[in-house]
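Here is a briefing on the fold of one protein chain. Keep the structure open while you read.

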Amino acid sequence: MGNQTGTNLVIVESPSKAKTIGKYLGPDYTVKACMGHLRDLPKSKMGVDIEHGFEPEYRPLSGKEDIIKDLKKTAGASKAVFLATDPDREGEAISWHLKELLGLPDEQTHRVTFNEITKNVVASAIQSPRGIDYDLVDAQQARRILDRIVGYQLSPLLWKKIRRGLSAGRVQSVATRLVVDRENEIRAFQSREYWSLEVLLNRLEKPGSFTAHYHGEDKKRELQNEQEADAIIADIRGQRFTVKTVKRAEKKRSAAPPFITSTLQQEASRKLNMTPKRTMAIAQQLYEGIDVEGEGTLGLITYMRTDSLRLSDEAMAAAKDFICHRYGNAYYYGKPHQFKTKQNAQDAHEAIRPTHVELDPETIEKSLTKEQYRLYKLIWSRFLASQMANAVYDTVSIDTVCAGHLFKSSHQSLKFAGFIAVYEEGKDDEAEVKNSPLPDLQEGEQVRLERFDKEQHFTQPPARYTEATLVKAMEEKGVGRPSTYASIISTIQDREYVLKKDKRLSATPLGEVVTGLMLDRFNDIIDVEFTANMEQRLDEVEEGKRQWRSVLDDFYKGFHAEMEQAEEALKDTRLKVPDEETDEICELCGRNMVIKIGRFGRFLACPGYPDCKNTKPIVEHMPGRCPKCGSGMLKRKSKKGYAYYACEKGAECGFMSWDVPTAFDCPSCGQTLFKKSGRGRMKPFCINEACPDFLPEDQRGYYKKKPAEEASSEEKPQKDAAPEETPVKKKAAKKTAAKKTAAKKTTGKKTTKKKEEAAK
């Protein structure tokens, strides 16, 4: 909350955004944070009157009473109220809810948006306010009500037919289906054999050897088996090869366009190992403002929820000046480099770029956390590279022939770095094999065969999705929108429908059963094309081309009929989720243990229940040895989901640590070295207090939050949070809370009684 006094009130979502904007506007403006939504549909019931035009029932959010009271008081004493929430559907809806909740008259209400939070842009926006865009509000309302109807009617059905605590969502179910479909493709895949053939060729008179790959005869041909490879070897053995063609060319490669939401999430996943949800949280901090040493509080990037590749003339001009000054004129593209935005993009905002390109990452590194620095550097580099000259390669390709068989060799070398001097785009697949330089051969030259190498291969099934490739697939298929990708991927993992292991997403048995039920009974809901069409209809509401209630009415007619048919067809049915068998053996009865899902996540259980009730946590073996007894180390999870590392002997030894054991030993004492937990490569340290290389805990590099930062992080709204709980889950949570309260009271009574007895 801001503490300035003034005659104009500006309302934003978060304290950091309020702090940044407050410094730009001065004493005539009071800037306050509403902390996200202040009213919403009730959590205790659906809150939508379907029979009367899908009329929503909005209520002030519990726990926000003090914020609402303070904003009403300040608004009443202000001559103008500027609603400066984020420039998207949700931000527009928050502004509308604020206007309604605070009872603001039209003449007092002004809507302002900032694509970037810089002094000039903020001042310009305040001087040119507009009214609330009710088309944007209606589009957000329609999405909110759609998701509420699906969640509140489908989730109880899943509880009854599969398992308590499950939930279904309009878009999350489609995302889960994509992962399940990929799993089915992998299972159905039939591997096919093929062979490769390479030859090492040597010049006759001059030094120089090179490798050539078998290509075919008149046309390209794939070798299906070893017999085909051997037949070619028999033809070429002892024969001379002739250089048929030598082609030299110059190849140009253009830079990737600046980031949009989906490509930022993909690249941050590939290069920084950041989840989409974490990427958006850090990007939000960079957008809202960072206290930069020597510069004050600055918004460092433009708005990060966008699917437009458009760049402002000012930004491209600033990039040109920076490139020419730092790298030289040859590294500039030659003109402003505009990129074409895809056809169905909304194009409401610019692409994601730095607001001040002259603030290079190294200059402001000390003012940023490690994650902020890495993400800012990624955004800054990508934008700058987009305005730089093409990279230029010298390429050579050589065709050699022998006994009618064609072999190919190629090589490319970097002639001019261009944009690669700053940035090179990551890839989802493995890096390309780099060939060795080729000798200066002439057409018609004879070369001799030194040796050959044949190798058997098998075609591979399609790879499981990573978070990056799932975002890409969702974008290509029109599932979700830039503001929803992160929350969708986070939700399907939280619901245990999808599991991430070794950076790959795979469907759990639970996810497959839920998807199977949805396919059987709610084909429209889980249909990718249907979901993409619904997103287009919501876009048309935003553009003023459709009425939001008619979109809901069209959807509900089919959905309600499917619900009734499903209830009737499944009235005597309960679907069983198959257990996932593991290699872990139950030490009590010898059976292979299976994975179950409980209140605190996945755990191992004996399938012989109730005869055998053995359970144990899923553990991951770590490198290194226990510093206390020398046994192995395991990774475990606390009840709150935090990872820690403990001796495999458990309570018998008792050693545990939040630091991560490594595969390295201390050169002084020989004990296992540890490193601090978290992302990235860290320098290992010794935790043996008797060792001369011992590193005390307070020197191990863990970041300590200041009291003000802790308060700010608690207050910060989570825009990408998972959808709310279903009513049944809400009741279960209340029951659990009641049990905990009762237990505390009982414990309190026992403690008091003991104290009284001790006093006697």
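Leu201 has Leu449 of β16 as its bridge partner. The two residues belong to a pairing in which 11 bridges join β9 to β16, and these strands run antiparallel. This is a predicted model. The points below start with the sheet around that pair, then move to other strands, the helix contacts and one loop residue.

**The barrel**

- The barrel is closed by 6 strands, in the order β9-β10-β15-β14-β11-β16. Their pairing is antiparallel.
- Direction ignored, neighbouring strands of this sheet are turned by 35° against each other on average.
- On the β10 side, β9 pairs over 5 bridges, again in the antiparallel sense. Within that pairing, Val199 stands opposite Ala212 of β10.
- A hairpin links β9 and β10, with 5 residues between them. In its turn, Gly208 has a positive phi of about 145°.
- Strand β16 (residues 446-458) also pairs with strand β11 (residues 240-253). That antiparallel pairing has 3 bridges. Phe241 has Val447 in β16 as its bridge partner.
- Strands of a sheet pair through backbone hydrogen bonds, either parallel or antiparallel.

**A helix across the barrel strands**

- Which helix lies across β9, β10, β11, β14, β15 and β16? Helix α7, residues 226-236, does.
- The angle of α7 to β9 is about 20°.
- For locating these strands, β9 spans 193-203, β10 spans 209-216, β14 spans 391-402 and β15 spans 405-416.

**Other strand pairings**

- An open sheet is formed by 4 strands, in the order β23-β24-β25-β26. The pairing here is antiparallel too.
- Its edge strands are β23 (620-625) and β26 (656-657), and each pairs on one side only.
- Strand β24 (residues 632-637) is joined to β23 by 4 bridges. Arg625 stands opposite Gly632 in β24.
- Strands β17 (residues 498-501) and β18 (residues 504-507) run antiparallel, joined by 4 bridges. Leu499 faces Ser506 of β18 across this pairing.
- β17 and β18 make a hairpin with 2 residues between them. Asp502 in the turn has a positive phi of about 55°.

**Helix α9 against helix α12**

- Helix α9 covers residues 276-288 and helix α12 covers residues 370-386. Their axes come within 10 Å and cross at roughly 90°.
- That crossing angle is why α9 counts as roughly perpendicular to α12.
- From α9, the residues in contact are Arg278, Thr279, Ile282, Ala283, Gln285 and Leu286. They meet Glu371, Gln372, Leu375 and Tyr376 of α12.
- By class, this contact of α9 with α12 has 5 nonpolar, 3 polar and 2 charged residues.

**Helix α2 against helix α3**

- Helix α2 (residues 65-76) packs on helix α3 (residues 89-102) at an angle of about 75°. The axes are 10 Å apart.
- At that angle, α2 is therefore roughly perpendicular to α3.
- Ile68, Leu71 and Lys72 of α2 make the contact with Leu98, Leu101 and Leu102 of α3.
- The contact of α2 with α3 has 5 nonpolar residues, no polar residues and 1 charged residue.

**A loop residue beside α12**

- Leu368 sits in the loop between α11 (361-364) and α12.
- Is Leu368 buried or exposed? Leu368 counts as buried because its relative accessibility is 10%, and the cut-off for buried is under 20%.
- Leaving aside neighbours within four places in sequence, Leu368 is in contact with Leu286, Ile290, Leu300, Tyr373 and Tyr376.
- Two of these partners, Leu286 and Tyr376, also take part in the contact of α9 with α12.
- Glu293 is 75 residues from Leu368 along the chain, yet their C-alpha atoms are separated by 9.7 Å.

**Whole-protein figures**

- The protein has 20 helices and 28 strands.
- Of its 760 residues, 47% count as buried.
- About 39600 Å² is exposed, and carbon and sulfur atoms supply 48% of that area.
- How many of the contacts between residues at least 6 apart in sequence join residues at least 24 apart? The share is 68%.

Conventions:
Residues are numbered from 1 along each chain as its sequence is written. This is a predicted model: local features need pLDDT of at least 70, side-chain atom pairs count only at pLDDT 80 or more; totals for chains, interfaces and linings use all residues. Side-chain values use heavy atoms; hydrogens and water are left out. Axes are lines fitted to C-alpha atoms, for helices over the stretch in contact, and angles run from 0 to 180 degrees between N-to-C directions. Angles under 35 degrees count as roughly parallel, over 145 as roughly antiparallel, 65 to 115 as roughly perpendicular and the rest as oblique. Contact means heavy atoms within 4.5 Å. Ala, Val, Leu, Ile, Met, Phe, Trp, Tyr, Cys and Pro count as nonpolar, Asp, Glu, Lys and Arg as charged, and the others, Gly among them, as polar. Buried means under 20% relative accessible area, exposed over 50%, partly exposed in between (1.4 Å probe, protein chains only). Accessible areas come from the Shrake-Rupley method with a 1.4 Å probe; for residues, only the protein chains shown count as cover. Two strands pair if DSSP finds at least two bridges between them.
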